[in-house]
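Trainee: Could you choose one part of this model for a close look, and then lead me outward from there in connected steps? I would like to see how each statement about burial is reached.

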Amino acid sequence: MLSIHDLVKVYSGPVAALQGVRLEIPPGMFGLLGPNGAGKSTLMRILAGLLEPTSGSAQLDGQEFTSDPRRVWSRLGYLPQDFGFYPNLTGEQMLEHLLALKGVESPLGTRKLVRELLERVNLAAAGKRKVKTYSGGMRQRLGIAQAIAGEPRLLIVDEPTAGLDPEERLRFYHLLAELAEGRIVLLSTHIVEDVSVLCPRFAILAQGRVVAETTPVEARALIEGAIFEGSVAKGALGELRERCHVTQSMLVEGRLRVRIWRQDGLVPPGFEPARATLEDAYLVLTHRDRVTHEGLLAGATR
Amino acid sequence: MKIARFLEIARTEFRFQTRRPLFWVLLVVLGLMAWGFSTGNLRISAGDSDVGGKRVFITSQYALAFGLSVTVVLLYSFFLAVAAGMTVIRDEELKLGEVLHSTPLTPGEYVWGKFAGVSATFTLALGADLALRAFFNHALKTPASAEFVGPFSIWSYVRPALWIAVPTLLFLGGASFLLGAWTRKPILVFALPTILLLACIFFLWSWNPSWLSPSVDNLLMLLDPAGLRWLEHTWLQVDRGAEFYNTQPLGIDAAFAASRLALAGLGLASIGVASRRLARELRGAVRVRASSRKAELELPRPTRAPGTGSLAELRMSSRTRGLLAGVAEVARAELRELRHQPGLYLFVPLILLQTISISLVRVGAFDTPLLSTSGTLAVGGMNTLTLLLGLLLLFYTVESLERENARGLFSIYYATPVRTAAVLFGKALANSLVGVVILAAAWIACGIVLLVQGKVGMQLSPFLLVWGLCLLPTLVAWNSFVTLLYALGRNRYTTYALALGVLIFTGWMQARGHMNWVGNWNLWGALVWSDMGSFELGRGALVLNRLLYLSIAVACIALAVRVFPRRSFDAAQTLRRLQPRALALSTLRFSPFLIVPLGLGIALYSAVDDGFQGGRYEKLAKDYWRKNIATWKDAPKPAIVAAVVDLTLEPERGFLHTRGEYTLMNDTGRPLESFPVTKGAHYRNVHWTLGGAEYTPEDRAGLEIFTPEAPLAPGGTLQLGFELEGVFPEGSTKNGGGTENFVLPSGVVLTSFGPEFVPVVGYLDSVGVDADNKSDPKVWRRDWYEGVTKSGFGNNLPQTTKITIHAPEEYTLNSVGTLTSDTVEQGIRTSVWESDHPVNFFNVVAGKWTVKRGKGTAIYYHPGHEYNVDEMLACLDGARLHYSEWFYPYPWNELKLSEFPGLAGYAQGFPTNITFSESIGFLTNSDPKASAAFMVTAHESAHQWWGNILEPGEGPGGDILSEGMAHFSTILLTGEMRGERERIELCKRFEEKYGDGRQVDSEKPMVELDGSRPGDRVVLYEKGGMVAWMMLNQVGRANMLRGCQEFIRRFEKGPDHPVLQDFTPVIREYAPDQRAYDAFVEQWYHHVVVPEYKLEDVTRAPVSADGGWDVELTLRNTGTGTMPVEVCAFRGERFPDEPDSSKSRSTAPSDSNVVAAAEESAGAKGVPAAYRESRASVTLGAGESQKVVIHCEFEPQQVSVDPDALVLQLRRKLALFKF
């Protein structure tokens, strides 16, 4: 269990990046959704022991580690949002080095293990190339390989699918799903689909606060029956936003299709009830200042 | 280019540069330097040092140009390289480049804007520098500084800045920018100023061998980016006097002006190249970027379905690795990265080149080249290696620590369980291995040096001792310190600035003489090597020093591990940690790491302070001076007429015990009520007797006052007995280095000049005098030398000596006189030396030697130092023979020369017992052309006559009879034994040394020379020797030698001791033309004159009548003095490198004022047929010129002035013309 207690992080400025985050994360996949600047990466970096919090603490299986991050490093797999490698090492050398630093061992031997891990991320063919010749996607896969190496009790992946093509994204989903068995995998993302596919539970972070902690099913259920979809003229969208909570608007075959959240069912003409998606729920929950239904929040947050 | 965008980039860069710590550290350092310069400690070495004498203003254009040229290379270059070279790299690391270049901003606007921003920053810095200098010089002018601070003139600051500093800065900025933009390698950017610094210090500013042709010299002047070589060689090397420097604007010649403009243009062109390069890069035309895309496209497709198989199949597990395993892993990866650092391949050859070249250009006494041994190479390379490896480790350590940040690996890397200590140690280990590889390469290079030298074998132990035990701790400590700086500052630029600041501060402390063993972390100047014994002097302090800095290294690393920015600290938490209680607790927890260095530091400081160069001795010396100067300076004292000394030596512990008795005679002509005796500060258990009875003298701070019961009558004698013991020298040195006299296991050197092993009768003027209480030299009456003149060396009458020395049997024990007994009992050797002819002073020297004997001569030397012994022995034999013929028959039985450890680089000619440091003669690199060992032996041997048989008087013109005449004797003996070619070369070397070392404003006529002024030394030795040589040519060789013989005969027994004014009348008696002689003496001894000849309008034309050639020229004497001088037109090589060419013709000087009469001397005896010459003689006064026609029966190739080096002159190299 990963327990996060009242984590606060204030940067000079002052900017409050985290304002008392509390979470209890059980083994398995756990998603962390939030818009840009919500504090996700700050939280990830604190949990990875790379950033000292202003106050609060976190425990992994009952052991507090924010005061001494060495307690978590030995049980951590971490894939940050932005990273690079030594450009003059080959992929194999780089991974071998990181495995050595992490103390990862296998009966297969380090060399074989490295090749197998690269195989898992579809990078075996480029293993002997210098990292400086890798594309962004290849570097991302090498990052994934090092993160999943070993038996990390806690795996933190920050925006892991950025830069991956659909095929690689799918492959990564499978890897994460396998890893989530028996360990805590914290997936930070703003891509709702990632959470929808992988996470039985997730939290939404906005402006440094947890605004919701729920499951995809619960989240969808919360807004089920209150989502409506219809077409509007482009010029009418602004007016509609003033009257309704627009969750999504998209162009479909040249027409502007708009989804709105309206609990009272009083919708503009032409709008039909639609099946609620997790994205709808995320967007509704993220903008809670616009939410007037207190019961919704009460049900969604603990 | 759109101006608005260009200005925006420039403004942004300027704001960035002026806000970073690097800029502010530069300003602070500049401020400190400006203050330092304003104290007048760094001045052009010209002017008169006497109170009220003319000084060169530190505000003169020349002084400021000098200061700026040095400062720009030593200081600005590093800061500018970082600022300009890192701009593009920084944007790339911040991933800003692509964003910027996706805007309408053009590469030109970007590059020129950035450069403009950096240039504006350093223009501001330069402006601040000048303003600070002006402020400290003029606004804070004190009465003390008034004599060297001139009136304020803005042009004094601006003109040197524009001509000297600005072009260098533009060049450096442009070149650094280009290097960074082109390579994107920070190390290469940092390498540039390092290379520049080394090239300047060790080559462009210092390399000036006597054979260097003026055209090459001119080229190097223009190539020197600092402009210092031009400044030195054009304006400063030959002193033009304070008046000139203080009033004249900095003279810029056309060639130099063009070179400065070209340098600035080169800097701007570099920016143009950088701009084009960036433009090509952005268009994708640059190969590196294209290849990475290509590599991706060509990525082979997997042969089987990837990603199949579960992770569980891999059966992975994790465990935290141990410290050592972590260190090894980090080091392994670092080394892989280091292999790809191009800077490494630049630094390594550079370091090797420096190490070798410095070893090759080392010179000893009289600028003689030195022979290298393993030990001298190891110690000789120490300073260079320390500096260069220190800089290399600085750059590599910082870049290594910064690497994860710069590469974006930081988050992954530092979230692994690897220990922080393993990371720091691993990186340090990898970088240290680079250092070790460089040391190994330097060792091989030293082996090659020894191999090429072909005389000395290679030994490993000195390198292990010096580089292993002394240098490596420095590198470890420096590396740890840099790591700590990085950990604290968390910024590469702050680290560079602070580390460079520490290096500069260390250098400044060393240069100012403030350094001691406690602070000397890099051992600069602290190690003195002797093949005869390793670091016997101050060994304890050296060990403590190394332990101190190793313990500091441990403390630095321990602290660095604690504060290393592996995790970004929270500001609020940091404030909490800095609260007094928390801070105290942290300090307490860290105290185990502080206790050891603190304890070692205190122990070392105490050792230094108690040592013979420390505070305790300093206070004793000052007390001696303060207590006695007024009463006892120049007080009458008796002379020693007999000395009986029984000396016991225990070299292993530096101990000596002396029991002895002086027979004193009152030679003052008046009854002597009391007299002073100086004892050594290291004396313990001192007992005195006076007239055979126990006596307790009055102790006046080390000066013992003896008052006999009845005043000692004139001519009366008295026995003064003494017994003392002590360790000499006592305690540690202050900052390493050597000492002149000592009792050490490797050798013993003791003299009666100071109270080293016997007390000195009288008050010693030099004790307790330093810069604080140094006074102007005494002004003497014009006729002061009339009557009896006291001895210049202390004792007025010759004395007999009987010196008995006891020491372990393996030592040979030498002293003055003849060995009358040498026995060994129970492992103790006892040697008795008795004077077979009276001496004026005595010494004792002991060592574990081998001896080689000649004709009434002997050389005692360290086994293994036989390289030059044959040459020295031949010289000693020749000296004894010829000097006896020329000057006076040698009165003693044997002339011997003994070697002592090179803790001091001097030689002393005590009667019968000359002592040479190993670095003089024994380790002189003597080749057939230079005969350096011969030269120093000839000089020191000559002191048996000029200094011992004839003891000069005290006062102006005294020492010149010792040192100048010894140089004169060397010229004669060189000509006699080595031939005309070497004699001419020797005279030219003396002349050049005089030209370089003289100070116009301070220089006194030789009859007034007392050795107290800057520049006096070259007048004493080189000018003194050359003028005596000119005198010989003036009066004729036989007349001069007869005069010298008569002079010595008259004065050898005293009591009147002669000075120069006594010498010239004696020679006059033998001069064939006394009017001409008087004119010669008047101008050369009673005035300061030196001719300087210039050849002008030189043409040659065939003469149809006889098939010969006429050379027409105008000879101008731009110097002073009137001398006949020969002008020679010639072709071919006069002294080609042939074994039998050393004996050549010598043309007697002509004193006739011939204009066109020429002597044609092709095919003269000993001159190769290919060489032909024709000469004319001209006599020119100061400022005079004369047309000269030289008729040649051959086609001349060159014209030279004074080809036989018969006339002392300035800048002889310029008096040469090649057709």
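Mentor: We need a rule before we look: a residue is called buried if 20 or more other C-beta atoms lie within 10 Å of its own, exposed if there are 12 or fewer, and partly exposed in between. Please also keep in mind throughout that this is a predicted model.

The part I choose is D61(A), which is found in the loop between β4 (55-60) and β5 (63-64) of chain A. Its phi is positive, about 50 degrees, although D61(A) is not a glycine. Because D61(A) has 13 C-beta neighbours inside 10 Å, it counts as partly exposed. A second aspartate of chain A can be set beside it: D6(A), also not a glycine, has a positive phi near 50 degrees, but D6(A) lies in strand β1 of chain A rather than in a loop. With 14 other C-beta atoms within 10 Å, D6(A) is therefore partly exposed.

From that strand the backbone brings us to another local feature, since P14(A) sits in the loop between β1 (2-11) and β2 (15-25) of chain A. The peptide bond that joins G13(A) to P14(A) is cis, with omega about -5 degrees. Chain B offers a bond of this kind as well: F728(B) and P729(B) are joined by a cis peptide bond whose omega is about -5 degrees, and P729(B) is placed in the loop between β9 (717-727) and β10 (742-744) of chain B.

Staying with chain A a little longer, we find an open sheet of four strands in the order β13-β14-β12-β15, with antiparallel pairing. Its edge strands, β13 (245-252) and β15 (272-273) of chain A, each pair on one side only. Within the sheet, β12 (227-232) and β14 (255-261) of chain A run antiparallel to each other over six bridges, and in that pairing I227(A) stands opposite W261(A). Helix α10 (278-286) of chain A packs on this sheet, where it touches β12, β13 and β14 of chain A, and the direction of the helix makes about 135 degrees with that of β13(A).

Now we can cross to the other chain. In the contact between the two, 58 residues of chain A meet 40 residues of chain B. Several elements of chain A supply at least two residues each to the side that touches chain B, among them α3 (91-102), β7 (104-105) and α5 (136-148), and the largest share, six residues, comes from α3(A). Sorted by class, that side of chain A has 29 nonpolar, 16 polar and 13 charged residues. There is also strand pairing across the chains, for β7(A) and strand β1 (317-318) of chain B pair in the antiparallel sense over two bridges, with S317(B) as the bridge partner of E105(A).

Once in chain B, it helps to follow a single helix, α2 (21-38), whose 18 residues reach 25 Å from the first C-alpha to the last, close to the 26 Å expected at 1.5 Å a residue. Its buried residues include L22(B), L26(B), V29(B), M33(B) and F37(B). An α-helix has 3.6 residues a turn, so residues three or four places apart point the same way. What covers the buried residues of α2(B) includes α1 (3-19), α3 (61-85), α6 (107-139) and α21 (492-512) of chain B. After the helix comes G40(B), whose phi is positive, near 80 degrees.

The helix also helps us to read the domains of chain B, where the assignment gives domain 1 as 3-286 and domain 2 as 322-523 + 539-589, among others. The C-alpha centres of domain 1 and domain 2 of chain B lie 28 Å apart, and their contact takes 19 residues from domain 1 and 21 residues from domain 2. On the side of domain 1 of chain B that touches domain 2, the elements giving two or more residues are α2, α3 and α8 (186-204) of chain B, and α8(B) gives the most, with nine residues. The residues on that side of domain 1 divide into 15 nonpolar, one polar and three charged.

Conventions. Residues are numbered from 1 along each chain as its sequence is written. Chains are lettered from A and ligands numbered from 1 in the order in which they are written. This is a predicted model: local features need pLDDT of at least 70, side-chain atom pairs count only at pLDDT 80 or more; totals for chains, interfaces and linings use all residues. Two residues are in contact if their C-beta atoms, placed from the backbone, lie within 7 Å. Ala, Val, Leu, Ile, Met, Phe, Trp, Tyr, Cys and Pro count as nonpolar, Asp, Glu, Lys and Arg as charged, and the others, Gly among them, as polar. Two strands pair if DSSP finds at least two bridges between them. The expected span of a helix is 1.5 Å times one less than its number of residues. Domain bounds come from an automatic or database domain assignment. Axes are lines fitted to C-alpha atoms, for helices over the stretch in contact, and angles run from 0 to 180 degrees between N-to-C directions.
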